[in-house]
Amino acid sequence: MQLQQIDMNLFPVLDAIYNTRNLTRAAERLHITQPAVSNALARLRRAMDDQLFIRTPNGMSPTPLTEGIMPKVQQALALLGSSVTEHHRFEPASAQKTLRVSMNDMAETLVLPRLLEHLQQVAPGISVESYYVPRDQLVKELAANSLDFALDVPMVSATQLNQHRLSADRYQCMLRPDHPLAGETSLTLEQYLELEHIHVSSRRSGPGIADMALNKLGRRRKVKLRVQHYRVAPLVVLKTDLALTVPVSLARQYPAKCFELPFQIPQMDWHLLWHRSQDEEGANRWLREQVLNLFG
């Protein structure tokens, strides 16, 4: 099969189906009819001699061939898009754009107030959408331009992404200000283990970073409450005797008593991640600079 035998206009259709897993939603994304999407898919199937997608109860499932070619297809589409627009200078004061960022609730708390305050002053036409994308989906979403950035831990194996360290946060143990241990000047390991703890995780099960550090010491803490979000956990701390192991930047936002941890735990690194194909795209580059200047 020769590349010139394939209509290049079919690849955006392939990308839309891959990202939506649905022919109707792909048509809506491309602003064409659903029969047009079906026709384009049929042409691609003939040209590539592969089904490309299999209809399942969960949507259009990509075949191994599709999974194999999509990273390069998405990168090529992104490069083409940036090449078309790169000669236009980005003017933040007049720009009308939606910035889409993947971050968890703690990152939202730390980043969004300062970022929105800054954008309101220098780029009032830019809107922000924040939602969490699982790490195993980040490369695909960034390659497809469904996301502009992600704020997350470093992703060493994601070679398609560029990343820049924003901050490093150490952990502390947070208690309510009138907790029975609040009068102590420091916290011993035994005191820490005697406390009942809140564990924050979006997963149903599994240890946290504090648990893994304690496991190396052959010790285990008592988890009384498991919650999905960091924003609710400090509110529970202020109303109970429960303890929360939390990054300092979040702990200092509450009237709480905080202790240095009586054991070693890795710090939390926040990285800004973006797809390499967006390095020279004007809006992405400008927005990246704003985030790095505010938080780097």
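The following exercises, with worked solutions, concern cavities, pockets and cysteines in a predicted model.

**Exercise 1.** Determine how many cavities of 30 Å³ or more are present, and describe the lining of the largest cavity.

*Solution.* Step 1: the count comes to one cavity of 30 Å³ or more. Step 2: the space in the largest cavity is about 30 Å³. Step 3: its lining consists of Val-101, Met-103, Val-111, Leu-115, Phe-149, Leu-151, Leu-272 and Val-291. Two or more of these residues come from each of α5 (105–122) and β5 (149–152). Step 4: by class, the lining of the largest cavity has eight nonpolar residues, no polar and no charged.

**Exercise 2.** Characterise the largest pocket by its volume, and identify the residues closest to its centre.

*Solution.* Step 1: the volume of the largest pocket is about 880 Å³. Step 2: the pocket is lined by 31 residues, of which Asn-104, Arg-135, Val-200, Ser-201 and Tyr-230 are the closest to its centre. Step 3: at least two lining residues are supplied by each of α5, β5, β8 (196–200), α8 (209–216) and β12 (268–275). Step 4: the lining divides into 15 nonpolar, nine polar and seven charged residues.

**Exercise 3.** Establish how many disulfides the structure holds, and examine Cys-173 and Cys-258.

*Solution.* Step 1: a search of the whole structure yields zero disulfides. Step 2: for Cys-173, the nearest cysteine sulfur is that of Cys-258, 8.1 Å away. A disulfide requires sulfur atoms within 2.5 Å, so this pair does not qualify. Step 3: Cys-173 is buried, its relative accessible area being 0%. Step 4: Cys-258 is likewise in no disulfide; this residue is partly exposed, with a relative accessible area of 26%.

Definitions and conventions: Residues are numbered from 1 along each chain as its sequence is written. This is a predicted model: local features need pLDDT of at least 70, side-chain atom pairs count only at pLDDT 80 or more; totals for chains, interfaces and linings use all residues. Side-chain values use heavy atoms; hydrogens and water are left out. On a 1 Å grid over the protein atoms alone, a cavity is a set of points where a 1.4 Å probe fits but cannot get out, and a pocket is an open set with protein on both sides within 12 Å along at least five of seven lines; lining residues have an atom within 4 Å of a point. Grid points are joined across faces, edges and corners, and a volume is the space filled by probe spheres set on the points. Helices (H or I, at least four residues) and strands (E, at least two) are DSSP runs, numbered from the N terminus. Ala, Val, Leu, Ile, Met, Phe, Trp, Tyr, Cys and Pro count as nonpolar, Asp, Glu, Lys and Arg as charged, and the others, Gly among them, as polar. Buried means under 20% relative accessible area, exposed over 50%, partly exposed in between (1.4 Å probe, protein chains only).
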